[in-house]
Amino acid sequence: MNSDDIIKKIENKLMHIEGGAKVQNIGYVETVGDSIIVASGLSKAVMGEEVVFADGTRGMILNLDEDSVSIVLLGKSAALKEGDTVKTTGNILQINASEDLLGRVVNPIGLPLDGGPTIKKGTPMLLERIAAGVIDRQPVDTALKTGIKVIDAIIPIGRGQRELIIGDRGLGKTAIAIDTIINQEEGNDKAKKSKDAPKRVVCIYVAIGQKNSTVAQVVEKLKETGALDYTIVVAANASDPVSLQYLAPYAGVAVAEYFMEKGEDVLIVYDDLTKHAWAWRQICLVLKRPAGREAYPGDVFYAHSRLLERAVRLSDKLGGGSITALPVIETQADDISAYIPTNVISITDGQIFLKSDLFNSGIRPAVDVGLSVSRVGGAAQTGAMKSVAGGVKLAHAQFRELQVFAQFGSELDAATLSQLERGKRVNEVFKQPQYSPLSEALEILSIWAVTNGFMDDVKVEDVTRFEKEYHEYVQTHDKKLIEALSTGKKVTDEVTTQLKKVTEQFKKSFS
Amino acid sequence: MTKRLLQQLVLASYQKEKLNPQRVDEITNRLDRKDIKAYLRALKLMEQQKKLFVAMPKTSVYNTSKKDLEKLFPKKEIVFTEDPSLLLGVTLVDNDMVYEMNLRDQLETVLDEVDQQYSE
Ligand SMILES: Nc1ncnc2c1ncn2[C@@H]1O[C@H](COP(=O)(O)OP(=O)(O)OP(=O)(O)O)[C@@H](O)[C@H]1O
Ligand SMILES: [Mg+2]
């Protein structure tokens, strides 16, 4: 930009700066508590309004009493004391959103946490906003591919859906979310090159109440895989004020709405809403609001429902953008009937349930296929995936039933035994290491081969190796087939014939 | 002590819109330490509400506009401070409302705006 342009821009800007009297409402700090400040004055303040203290610390109004207000601090301040002044800003809390945020790590009020430059002024987006109404929405019909075989085949997720990831500590909840983000790379590349491909997916990872080191690891991984280029990390860690932890998911979705309103598709991960509920509980206890079940405030359901309602697929009239939400909930001892889990299950369109016994027996991702469900994603599955998903779903369901029988040690006939054996191999194919999401073509290859009996004569412990070599073989020997499976279109008879041929060829070389 | 009672005590401390020292003494003698604190705070607030704080860059300018201000705020006691850093114009503080009508504030707004646009 040359200097003339800069000057012109400032001139333009000046014309928009309001002239005349600036009216501010002020107050005085009465008591300084743990992250909550009570102030007198501020008689014109409104609920949720942002305020600024004399030392520049920002806060948000959370309680309006007759002659005082309660303010949560949005940063750390050691110096605040009784009698300090505090001013209203006239803004309901908002975050500055722009394309510049991609690749950045910010806190819920938009301040960078990655040591990078400050984010240039973009569009201010309100943290709290009413979700789009019924007529502004349209049904979910495009797949959001996770690259994880068991999920894409059996619990498919569509753009605009809300799918809960739920399970005990350390079972790979974050892993599923991060793999899904990493998996958007291929699709985003395609979207750049071709107009016919589905739109790119902008990803937002909201970290709530986690350790700094855990978040740093996630960011590092995203950087390493190149996924950070299309990802924004909004973080409020365990050492940050609870107010920021409470606000983080709303800030994340506000940024998501910025992209959605431009017609883009957004994936947002809330990791995790259990800690979000804790943060809200802590704030409400300090504010002395009445507590209900498990000491959570009465409106914790509303806190989550108004957040998740903002995940939506907009109508074409509004640009057709979407927000897909993957909230994460941590359970205790696989108990999904606790207060927060049941709440969030009832608000989402399905859940991916991870179980510790599966994880410990080596089935990773530890998805309990029987208890997991996706209520709308089926409509969004690609034709190609649909052609193989039905078979594998059935095979896995039969396997789960037979397993129970087999435990009784009863005599099994040959047909049942072969079903059991096939089921074991399906289970094996559903195992997938972390950070290695697969393209849809490869997912289909594996699933097709196992459900059509091509792995029946492979030893269970060899299935993983078989799969790997099989993928390599087809990728080098039949690029056309991979292309045909990548279109997302229904698998035709012709393609099936080719699949058979190539698979038989490969099996001759496999030992 | 209830808020209502406190409010009544504060009102009772005044006679003809002025604080009455004897009444204040009588009241404070009958209150315990904690209540005196609350009472003091309420009195301060009341006193503040009766005042209008005016800041201008020069006392001479204030003297010429004093009459107008008194007309505008007939019930207020006007407290003036000289503040050259305002450059031009005035700042009024009426209870918890602040009216910035001065050059310094305008310049600060412009600076903020430029900062946000061009910070790197
Ligand atoms: N598919 C997988 N294959 C092998 N290991 C995995 C897989 N997914 C996750 N893990 C491992 O399991 C451990 C826990 O994973 P992760 O941190 O994602 O779980 P989490 O449920 O998010 O845990 P927390 O409750 O602590 O947030 C990690 O060490 C991770 O490497
Ligand atoms: Mg985790």
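**Exercise 1: A strand with two faces**

Take strand S12 of chain A in this predicted model and work out which residues sit on each face, and whether those faces are covered or open.

*Solution.* Start with the general pattern: along a regular strand, side chains take turns pointing to one face of the sheet and then the other. Now sort the residues of S12(A). One side carries A:Thr231, A:Val233 and A:Ala235, while the other carries A:Ile232, A:Val234 and A:Ala236. Next, check each one against the cut-off: a residue is buried if its relative accessible area is under 20%. Every one of those residues passes as buried, so both faces are covered. That fits the count for the strand, which spans residues 231–236: six of its six residues are buried.

**Exercise 2: Who pairs with S12(A)?**

Find the strands joined to S12(A) by bridges, and say how many bridges each one has.

*Solution.* Look at strand S8 of chain A, residues 105–106, to begin with. Two bridges tie S8 to S12(A), and the two run parallel. Then move to strand S11 of chain A, residues 201–208. Here six bridges make the link to S12(A), again in parallel. Finally, pick out A:Val233 in S12(A). A:Val105 stands opposite A:Val233, and A:Val233 is also the bridge partner of A:Tyr205.

**Exercise 3: Around ligand 1**

Describe the surroundings of ligand 1: how many residues surround it, and which are closest?

*Solution.* Count the shell: 14 residues surround ligand 1, and the closest are A:Gly172, A:Lys173, A:Thr174, A:Gln432 and A:Gln434. Sorted by class, the shell holds five nonpolar, five polar and four charged residues. Helix H3 of chain A, residues 173–193, gives the most to this shell, with three residues.

Now hunt for polar contacts with oxygen atoms of the ligand:

- A:Gly172 places a backbone N or O atom 2.9 Å from a ligand 1 oxygen.
- A:Ala175 has a polar backbone atom 2.9 Å from an oxygen of ligand 1.
- A:Gln434 uses an N or O atom of its side chain, 2.5 Å from a ligand 1 oxygen.

How much of the ligand does the protein bury? On its own, ligand 1 exposes 630 Å², and the protein buries 67% of that.

Last step: why does ligand 1 lie between two domains? Domain 2 (96–381) and domain 3 (384–393 + 426–509) of chain A both give residues to the shell, so ligand 1 lies between them.

**Exercise 4: Spot the unusual backbone**

Find two cis peptide bonds and two residues with a positive phi in chain A, and place them in their loops.

*Solution.* Here's the background: most residues other than glycine have a negative phi, and most peptide bonds are trans.

Take the cis bonds to start. The bond from A:Asp271 to A:Asp272 is cis, with omega near -5°. A:Asp272 sits in the loop between strand S13 (265–271) and helix H6 (273–286). The bond joining A:Arg364 and A:Pro365 is cis too, with omega about 0°. You'll find A:Pro365 in the loop between helix H9 (356–360) and strand S16 (373–374).

Now the phi angles. A:Ala333 isn't a glycine, yet its phi is about 50°. It lies in the loop between strand S14 (322–330) and helix H8 (339–347). With 66% relative accessibility, A:Ala333 is over the 50% cut-off, so it counts as exposed. For A:Tyr435, phi is near 60°. Its loop runs between helix H11 (414–430) and helix H12 (440–451), and at 37% relative accessible area A:Tyr435 is partly exposed.

Technical notes. Residues numbered from 1 in each chain as written. Chains lettered and ligands numbered in written order. Predicted model: local features only at pLDDT ≥ 70, side-chain atom pairs only at ≥ 80, totals over all residues. Heavy atoms only, no water. Near = heavy atom within 4 Å. Polar contact = N/O pair within 3.5 Å; in protein donor to acceptor, adjacent residues only side chain to side chain. Areas by Shrake-Rupley, 256 points an atom, 1.4 Å probe, with all protein chains shown as cover. Helix = DSSP H or I, 4+ residues; strand = E, 2+ residues; numbered from the N terminus. Nonpolar A, V, L, I, M, F, W, Y, C, P; charged D, E, K, R; others polar. Domains from an automatic or database assignment. Buried < 20%, exposed > 50% of the residue type's maximum accessible area, 1.4 Å probe, protein only. Pairing = 2+ DSSP bridges.
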